[in-house]
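Here are my notes on this model, set out as numbered points. Please read them with the structure open.

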Amino acid sequence: MIVEPLTNYFNTRIQKDINKGNTTVGGMLTATNRKTYKSGIDSLHHSAYTGGLDFTNYWKGKNYYFHINSVLATS
């Protein structure tokens, strides 16, 4: 009986500062892939993916800022 199926995990994050650090744009990706081999662990998803984007803009000496982020997930 397999208790923990063969699983691959991946994640990455990237961020870029522009406008002398007053604006940042970033993104993140994650992935999980499993091989269950008919092991009776059918309750686990075979794959799952997520992605996200974020944006921040500062002004007035970084006393004010606007921030937005978004996430998309699938399995």
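**Notes on the sheet and its contacts**

1. Start with one register check. Glutamine 15 stands opposite glycine 26 in β2. This is a predicted model, and the points below should be read that way. The pairing around this position is antiparallel: β1 and strand β2 (residues 23–35) are joined over 13 bridges.

2. Next, the overall layout. The sheet is open and has 4 strands, in the order β1-β2-β3-β4, with antiparallel pairing. β1 (6–18) and β4 (64–74) are the edge strands; each has a single partner, so one side of each is left without a neighbour in the sheet. From one strand to the next, the twist averages 10°. As background, strands of a sheet pair through backbone hydrogen bonds, either parallel or antiparallel.

3. Now the inner pairing. β2 and β3 run antiparallel and are joined by 11 bridges. Two positions help to fix the register. Threonine 30 has threonine 50 in β3 as its bridge partner. Valine 25 stands opposite phenylalanine 55 in β3.

4. The last pairing follows. Strand β3 (residues 47–59) and β4 run antiparallel, with 11 bridges between them. Phenylalanine 55 appears here again: its bridge partner in β4 is isoleucine 68. So phenylalanine 55 can be followed across the sheet, from valine 25 on one strand to isoleucine 68 on another.5. Two turns deserve a look. In the hairpin of β1 and β2, 4 residues lie between the strands, and asparagine 19 takes a positive phi near 60°. Asparagine 19 is not a glycine. Lysine 20 lies in the loop between β1 and β2 as well. Lysine 20 has a positive phi of about 55°, although it is not a glycine either. Is lysine 20 buried or exposed? Lysine 20 is exposed, with a relative accessible area of 84%.

6. The other turn joins β3 and β4. These strands form a hairpin with 4 residues between them. Lysine 60, in that turn, has a positive phi of about 55°. Please inspect the backbone at lysine 60, and also at asparagine 19 and lysine 20.

7. Aromatic rings come next. The structure holds 3 aromatic pairs. One of them is stacked: tryptophan 59 and tyrosine 64, at 6.4 Å centre to centre with 20° between the planes. The cut-off for a pair is 6.5 Å between centres. Tryptophan 59 and tyrosine 64 are also bridge partners, with tyrosine 64 in β4. Tryptophan 59 counts as partly exposed because its relative accessibility is 40%.

8. A charge sits by another ring. Lysine 62 lies over the face of tyrosine 58. The distance from the ring centre is 5.2 Å.

9. How many salt bridges does the structure hold? The structure holds 1 salt bridge. The side chains of arginine 13 and aspartate 54 meet there, at 2.7 Å from N to O. Arginine 13 is in strand β1 and aspartate 54 in strand β3, so the pair ties together parts that are 41 residues apart in sequence. The two partners fall into separate burial classes. Arginine 13 is partly exposed, with a relative accessible area of 41%. Aspartate 54 is buried, with a relative accessible area of 15%.

10. Threonine 32 is worth a close look. Threonine 32 is placed in strand β2. Its relative accessibility is 17%, so threonine 32 counts as buried. Setting aside residues up to four places away in sequence, threonine 32 touches Thr7, Asn8, Tyr9, His46, Ser47 and Ala48.

11. Alanine 48 closes the list. Alanine 48 is placed in strand β3. With 29% relative accessibility, alanine 48 counts as partly exposed. Its contacts, not counting residues up to four places away in sequence, are Thr30, Ala31, Thr32, Thr74 and Ser75. Tyrosine 9 is a partner of threonine 32 by contact. The C-alpha atoms of alanine 48 and tyrosine 9 are separated by 9.7 Å, and these residues are 39 apart along the chain.

Terms used
Residues numbered from 1 in each chain as written. Predicted model: local features only at pLDDT ≥ 70, side-chain atom pairs only at ≥ 80, totals over all residues. Heavy atoms only, no water. Phe/Tyr/Trp six-rings, centres within 6.5 Å; stacked < 30°, edge-to-face > 60°. Buried < 20%, exposed > 50% of the residue type's maximum accessible area, 1.4 Å probe, protein only. Lys NZ or Arg CZ within 6 Å of the ring centre and 35° of its normal. Pairing = 2+ DSSP bridges. Axes fitted to C-alpha atoms, helices over the stretch in contact; angles between N-to-C directions. Contact = heavy atoms within 4.5 Å. Salt bridge = Lys/Arg side-chain N within 4 Å of Asp/Glu carboxyl O.
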